[in-house]
Amino acid sequence: TLMFLTSLFYYLPSFVLAAIVISSIIPLVAYDECLKLWRLKKVDCGLWVVAFIGTLFLGVLQGILLAVVLSLVIVIYESVRPQITILWRIPGTSIYRNIKQESNGSFIPNVFIARIGS
């Protein structure tokens, strides 16, 4: 069908062709995915936005390359900084939990317990 309609598109002004392209591209942009990523992890949402804008302005290969490089930088940054949690004892047990997860707990006097994640 495009082969037969190409001659009709030749006489259309450029702004009409741009409007056709833009109206067909808008459903392809998953902005709801960006909102979901913003709620879950803001760094991933930023990476999504950088990939989208990079692909839009730099081109497909350069935009994807920019997103891959930025993703590797984020992975290296997060792996260099380990997760450190402070633990305290749940009263009446010998179980130690994270301060942020357990609201009632107690510290052992003169003892500091920290868990370093990988």
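**Exercise 1.** Classify Thr-55 as buried, partly exposed or exposed from its relative accessibility of 29%.

*Solution.* Step 1: the cut-offs are under 20% relative accessible area for buried, over 50% for exposed, and partly exposed in between, with a 1.4 Å probe and protein chains only. Step 2: because its relative accessibility is 29%, Thr-55 counts as partly exposed. The model is predicted, so local features need pLDDT of at least 70 and side-chain atom pairs pLDDT 80 or more, while totals for chains, interfaces and linings use all residues. Numbering starts from 1 along each chain as its sequence is written, and side-chain values use heavy atoms, without hydrogens and water.

**Exercise 2.** Place Thr-55 in its helix, then describe that helix and its surroundings.

*Solution.* Step 1: Thr-55 belongs to helix 4; helices (H or I, at least four residues) and strands (E, at least two) are DSSP runs numbered from the N terminus. Step 2: helix 4 covers residues 42-58, 17 in number, and spans 23 Å from first to last C-alpha, close to the 24 Å expected at 1.5 Å a residue. The expected span is 1.5 Å times one less than the number of residues. Step 3: Cys-45, Leu-47 and Gly-54 are the buried residues of helix 4, and they pack against helix 3 (31-40) and helix 5 (60-80). Step 4: apart from neighbours within four places in sequence, Thr-55 is in contact (heavy atoms within 4.5 Å) with Val-60, Gly-63 and Ile-64. Step 5: after helix 4 comes Gly-59, with a positive phi near 115°.

**Exercise 3.** Find the salt bridges and state which parts of the chain they join.

*Solution.* Step 1: a salt bridge needs a side-chain nitrogen of Lys or Arg within 4 Å of a carboxyl oxygen of Asp or Glu. Step 2: by this rule there are two. Step 3: one pairs Lys-36 with Glu-33, whose closest N and O atoms are 3.8 Å apart. These residues are three apart in helix 3, and therefore separated by about one helical turn. As general background, an α-helix has 3.6 residues a turn, so residues three or four places apart point the same way. Step 4: Lys-41 and Glu-78 also form a salt bridge, at 3.5 Å from N to O. Because Lys-41 lies in the loop between helix 3 and helix 4 and Glu-78 in helix 5, this pair ties together parts that are 37 residues apart in sequence.

**Exercise 4.** Compare the settings of Glu-102 and Asn-110.

*Solution.* Step 1: Glu-102 is in the loop between strand 2 and strand 3, and Asn-110 is in the loop between strand 2 (96-98) and strand 3 (114-116). Step 2: Glu-102 is buried without a salt bridge, and the nearest side chain of opposite charge, that of Arg-97, is 4.3 Å away. For charge, Lys and Arg count as positive and Asp and Glu as negative, with His and the chain ends not counted. Step 3: Asn-110 counts as exposed because its relative accessibility is 86%. Step 4: the phi of Asn-110 is positive, near 65°, in a residue other than glycine.

**Exercise 5.** Locate Thr-85 and list its contacts beyond four places in sequence.

*Solution.* Step 1: Thr-85 sits in strand 1 (residues 84-89). Step 2: at 10% relative accessibility, Thr-85 counts as buried. Step 3: with residues up to four places away in sequence not counted, Thr-85 touches Asn-98, Ile-113, Ala-114 and Arg-115.
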